[in-house]
Amino acid sequence: MRLRSLLPVLLAGLAASAGAASAQDLTGTLKKIKETGQITLGYRDSSVPFSYLDNNQKPVGFAMDICYKIVDAVKADLKLDKLEVKLNPVTSATRIPLIANGTVDLECGSTTNNVDRQKQVAFTNTHFLTANRFVAKKSSGLTKFEDLKGKTVVSTSGTTNIKMINEYNAEKKLGITILPAKDHAEAFLMVETGRAAAFVMDDVLLASLAASSKEPTAYAISTDALSKPEPYGIMLRKDDAPFKKVVDAATAAFYKSAESKPTYDKWFMKAIPPRDINLNLPMSEALQHAFAKPSDSPDPAAY
């Protein structure tokens, strides 16, 4: 009888020991989050509608909503009663270094997932597909990339877009003057003020910037593109398999859920702050496929 009465106590002790060992066995980002009770999200200030500041200077957007779903999953996985979310601004130039050095745990924005970047960071499942085009004033008559011959154009520093336009310019010998901008807002302003004839960037970002401008109908996006549809993904640190497993499971579950479509429509098919613009951009068939079969592949052909 005595052994029987001791059995529950022994089992409870073993369970507690196993739990303690499990906590001690945590590595990388999960260990850091468990020990600090904090997770840091990197946000952009002008990547509408993915990650940007609203009227109250609060980071909002489609990618931010996805990141908060990941936060909930991490909190549940680590069995934390509460998890403090810290918000850290990032730019095209700083986002990869801040992920790599541990300052930011998740980069919630509009970052293209490609092979080169996967050498430095990891990505979770794709949350959007876009192509590299340009926006120009309708009055300029610029509609194709070959129309940019001899023109001054701008693109955002540290992006795949500026790399592509430089390569295209060199290959076609078009004599384009390519200026780097610190962020998307500055680049679009250069077109608005006539300092550049066109802004080369992901089409969805160009659509949002034009829709947010003082005169939305004054701008047109190029008919051709420099790329096939490219995947956007939430960035996280490379070689951190336990954390990536939690993040991938969280994004896959969200994309396949009934909640994903209404969340997409909230940002792409309805009026959004701060100026109540509507991008009127229905979910593409390619993105529907990507949500049905979540993937972190950088290959456009996978979608």
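Here is a friendly chat between a biologist and a modeller about a predicted model.

Biologist: Let's start with sulfur; which residues does the disulfide join?

Modeller: Happy to help! A disulfide is a covalent bond between the sulfur atoms of two cysteines. The rule used here asks for sulfur atoms within 2.5 Å, and the count comes to 1 disulfide. With an S to S distance of 2.1 Å, the pair is Cys-67 and Cys-108.

Biologist: Where in the chain do Cys-67 and Cys-108 sit, and how many residues apart are they?

Modeller: This disulfide links distant parts of the chain. Cys-67 belongs to helix 3, while Cys-108 belongs to strand 6 (residues 106–108), and the two are 41 residues apart.

Biologist: Are Cys-67 and Cys-108 buried or exposed, and is the disulfide left-handed or right-handed?

Modeller: Cys-67 and Cys-108 are both buried. The torsion about their S-S bond is about -110°, so the disulfide is left-handed.

Biologist: Now helix 2, please: which of its residues are buried, and what covers them?

Modeller: Helix 2 spans residues 28–36, and its buried residues are Thr-29, Leu-30 and Ile-33. These three cover an arc of only 100° around the axis, which means they are on the same side of helix 2. Their cover includes strand 1 (38–43), helix 3, strand 15 (235–237) and helix 8 (241–256).

Biologist: What residue follows helix 2, and what is its phi?

Modeller: The residue after helix 2 is a glycine, Gly-37. Its phi is positive, near 70°.

Biologist: Which residues have a positive phi of about 55° without being glycine?

Modeller: Most residues other than glycine have a negative phi. One residue that departs from this lies in the loop between helix 3 (62–77) and strand 5 (84–89), and another in the loop between helix 9 and helix 10. They are Lys-79 and Asp-276.

Biologist: Are Lys-79 and Asp-276 buried or exposed?

Modeller: The cut-off for exposed is over 50% relative accessible area. Lys-79 has 71% relative accessibility and therefore counts as exposed. Asp-276, at 57%, also counts as exposed.

Biologist: One last topic: which peptide bonds are cis?

Modeller: Most peptide bonds are trans. One cis bond leads to Pro-49, in the loop between strand 2 (46–47) and strand 3 (51–53); another leads to Pro-274, in the loop between helix 9 (260–268) and helix 10 (285–292). With omega about 0°, the bond at Pro-49 is Val-48 to Pro-49. With omega near 0°, the bond at Pro-274 is Pro-273 to Pro-274.

How values were computed: Residues numbered from 1 in each chain as written. Predicted model: local features only at pLDDT ≥ 70, side-chain atom pairs only at ≥ 80, totals over all residues. Heavy atoms only, no water. Helix = DSSP H or I, 4+ residues; strand = E, 2+ residues; numbered from the N terminus. Buried < 20%, exposed > 50% of the residue type's maximum accessible area, 1.4 Å probe, protein only. Arc of directions from axis to C-beta. Contact = heavy atoms within 4.5 Å.
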